[in-house]
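Good morning, everyone, and thank you for making time for this. Please have the sequence and the structure open while I talk, since I will go through a sheet, some empty spaces and one residue.

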Amino acid sequence: MIRRNILLCGVFGAAVALAACGGSEKGVNEVGPKPDLPEIRETLLPPMRIAKPVGWGDETPRAPEGFVVTALATDLRIPRQMLVLPNGDILVAEGRGGGAPALRPKDVIAGVIKKQGNTKVDGGDRITLLREADNDGRAEVRTVFIDGLNAPYGLAYVDGRIYVAEQDALVSFPYVEGQTRITAPPEEVTRLPSALNHHWTKALTASADGSTLYVGIGSNSNAGERGMAVEEERAVVWAVDRATGARRTIARGIRNPTALAIEPSSAALWAVVNERDEIGPQLVPDYLTSVRDGAFYGWPYSYWGQNLDPRVRPQKPELVATAVKPDYALGAHVAALGLSFTREGGFGGVFTEGAFIGEHGSWNRQDLAGYKVSWVPFSGGRPAGEPVDFLTGFLTDNGEARGRPVGVWFDPQRRILLVADDLSNTVWRVAPTGTSPGP
């Protein structure tokens, strides 16, 4: 039985309180299929910290030996998710959405803290096209591909159409290969839940055969504090029929599925999910999981299977009894926002089978977590081993932020990894040495 500790950390004197209540325990395993789950540490004011932005200067992110990192494009307007088209052109969704009002004093304080770690650039509400024609690590062509969008995030391409998950609708556009700008009006596939939009991002991917579009829709609260009426069709994954727009809910209780991708060997749908805050610096693990049709993942009533969240009233024990455990913990408050599987042998001899994950970094712990791109090895379509830090350097040794990774995309044709950085407003390109220029 979980023992609930109430630590009295006052709003006034917040710096002292946070230092006293925000420490992580040593020796806690936060990653893998069987993470440790410390006891709940609920505080009046949760531990909060965000890394102060300082910029990259002459630095770039650090990749393993044998790889080189270059800035494919800079001066973007909050790059989020990416898509590589069949001809190699790269689409980058840019924007910022949301707008749910704060409920509690600590929401206001958390909002101020979070804002300190964000770019000061306005969101683009557009999609930018990048073309790297000569494989030199720089985009020779850069155009505004689609503009006038409403906080675009998820992207997909199927059979001559570009699909965009805005914060309120899934829309599509006709596309001709090589096209550098689309002026045709959007065609609505289906409306998406958008009231309040506490979590506004709508993740998107297409099934292996292209017939189904999967949409991830985040919750409207941390743990149900706005009431469950506003959570109708929230914390879910939809399967949308591409031809008709008809949709069904295939997973529930999946708090904030921020990126979706198809695992290539099994054609199964996987997601990275941001879990709840305010019950401790090492609870609850954000996770990587297969999205099982009909599964309930616990939110808001329980976490990591059937571990009860005592803050939620009334509870639903019959529903909690059905909650499934996610497949693989990524660590608490890493804020995983990107997911891409390697294909066709990965980089050729290394990082051949597995998933790259963009960890944006969160605010609900004093020891910063995330701020990197990690790699989870797979075998037979399942996670198989410890995670590896693949792209680092987003944090300085002093705990300041040069950048914050969001979307990731592995391109098997050029054997490169693309990483969107929404703090420095850069798309980074990672390639094996010898296939691109030095830094």
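Five strands make up an open sheet, in the order β2-β23-β19-β18-β17, with antiparallel pairing; strands here are DSSP runs of E with at least two residues, numbered from the N terminus, and two of them pair if DSSP finds at least two bridges between them. The edge strands, each pairing on one side only, are β2 (31-32) and β17 (257-263). Before going further, I should say that this is a predicted model, in which local features need pLDDT of at least 70 and side-chain atom pairs count only at pLDDT 80 or more, while totals for chains, interfaces and linings use all residues. Residues are numbered from 1 along each chain as its sequence is written, and side-chain values use heavy atoms, with hydrogens and water left out.

Within the sheet, β19 (residues 285-290) and β23 (residues 328-332) pair in the antiparallel sense over four bridges, and P285 has A332 in β23 as its bridge partner.

Now to the empty spaces, which were found on a 1 Å grid over the protein atoms alone: a cavity is a set of points where a 1.4 Å probe fits but cannot get out, whereas a pocket is an open set with protein on both sides within 12 Å along at least five of seven lines, and lining residues have an atom within 4 Å of a point. Grid points are joined across faces, edges and corners, and a volume is the space filled by probe spheres set on the points.

The second largest pocket has a volume of about 970 Å³, and of the 44 residues that line this pocket, the closest to its centre are L83, V84, T205, R343 and W409. Several strands supply at least two residues each to its lining, among them β17, the edge strand I mentioned, and β29 (405-411).

How many cavities of 30 Å³ or more are there? The count comes to one, and the largest cavity has a volume of about 30 Å³, with E25, P38, E39, R41, I279, G280, Q282 and L283 as its lining.

Finally, please find P64, in the loop between β3 (41-43) and β4 (67-73). P64 is partly exposed, because its relative accessible area is 23%, and partly exposed lies between buried, under 20%, and exposed, over 50%, with a 1.4 Å probe and protein chains only. Leaving aside residues up to four places away in sequence, P64 touches F351 and F390, where contact means heavy atoms within 4.5 Å.
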